[in-house]
Amino acid sequence: MYKTIASIMFLFLVGTVTVMAQDEDYGLGREATDKEIAGWNIDVPPSGEGLPDGSGSVPEGKEVYQAQCQSCHGADGKSGQMDRLVGGKGTLASDSPVKTVGSYWPYATTLYDYVHRAMPFHSPQSLSPDQTYAVTAYVLHLNGIVDEGTTLDANSLPKIKMPNRDGFVRPDPRPDVDAEACMSDCKSGK
């Protein structure tokens with residue numbers, strides 16, 4: 001019995017000290033500057049907000065693709081050792097869907113965002129905004145989404161309607177996607 005009371009008192013004291021310690025300022029660190037935050041805030045949503053100045057054409061993209069992307073994704077975007085980028089149209093409802101930029105991705109801005117943040121694999125974030133727009137234009141061209149004379153920029157890229165844009169349901173019907181965190185009354189389902 002004494003062990004139980006002692007354990008409860010110990011937990012209470014630890015909890016109280018923890019709460020009190022959260023309010024203390026230890027004089028360590030500083031607030032991040034707007035410039036520092038901007039260096040990490042590089043994602044591009046479907047709206048295109050945050051796309052940088054610059055532009056890139058399909059022919060320019062072909063040159064960058066051949067130099068930076070072809071070794072992983074193949075000359076045609078579908079024969080490399082890494083993920084296919086091209087093809088797959090009409091396969092999503094089949095037993096063997098081929099999910100590529102052209103068959104699956106709902107927004108062209110997602111392609112720009114991904115290439116900018118994560119490609120090329122051996123040197124992510126090394127492409128300039130112009131090179132990233134160009135590679136985006138070229139991959140979209142390989143998928144038949146834009147023609148060979150296309151030049152993309154922050155204004156034109158968000159306007160591209162991807163073939164599978166309407167294949168995504170909003171709001172997402174999966175129960176785990178919009179579930180609220182259970183912090184108070186979990187048993188009642190609220």
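Tyr112 and Tyr133 are both buried in this predicted model. Their rings form an aromatic pair, with 4.7 Å from centre to centre and 40° between the planes, and the pair is described as tilted. Where do the two partners sit? Tyr112 belongs to helix 5 and Tyr133 to helix 6, so this pair ties together parts that are 21 residues apart in sequence.

Let's look for other rings that pair up. How many aromatic pairs does a search of the whole structure find? The search gives four. Another of them joins Trp105 and Tyr114: here the ring centres are 6.2 Å apart and the planes stand at 85°, so the pair is edge-to-face. The angle is what decides this name, because planes over 60 degrees apart count as edge-to-face. Are these two residues buried or exposed? Trp105 is partly exposed, with a relative accessible area of 22%, and Tyr114 is also partly exposed, at 39%. Rings can have other kinds of partner too: Lys99 lies over the face of Tyr104, at 4.8 Å from the ring centre.

Now follow the chain out of helix 5, which spans 108–118, towards helix 6, which spans 129–142. In the loop between these helices you meet Pro120. The peptide bond leading from Met119 to Pro120 is cis, and its omega is near -10°. Farther along this loop comes Gln125. Its phi is near 65°, a positive value in a residue other than glycine. Gln125 is partly exposed, with a relative accessible area of 47%.

From the loop, we can turn to the nonpolar core. In soluble globular proteins, nonpolar side chains tend to be buried together. The largest nonpolar core in this model holds 27 residues. Which residues have the most contacts inside it? They are Leu140, Leu157 and Ile160. Helix 3 (58–68), helix 5 and helix 6 each supply at least two residues of the core, and the largest share, six residues, comes from helix 6.

Leu140 is a good place to pause and look around. If you set aside its neighbours within four places in sequence, Leu140 touches Val101, Ala108, Leu111, Ile145, Val146, Leu152, Leu157, Ile160 and Met162. In that list you can find Leu157 and Ile160 again, the two residues named with Leu140 as having the most contacts inside the core.

Note on methods. Residues numbered from 1 in each chain as written. Predicted model: local features only at pLDDT ≥ 70, side-chain atom pairs only at ≥ 80, totals over all residues. Heavy atoms only, no water. Helix = DSSP H or I, 4+ residues; strand = E, 2+ residues; numbered from the N terminus. Buried < 20%, exposed > 50% of the residue type's maximum accessible area, 1.4 Å probe, protein only. Phe/Tyr/Trp six-rings, centres within 6.5 Å; stacked < 30°, edge-to-face > 60°. Lys NZ or Arg CZ within 6 Å of the ring centre and 35° of its normal. Core = buried A, V, L, I, M, F, W, Y, C linked by side-chain atoms within 4.5 Å. Contact = heavy atoms within 4.5 Å.
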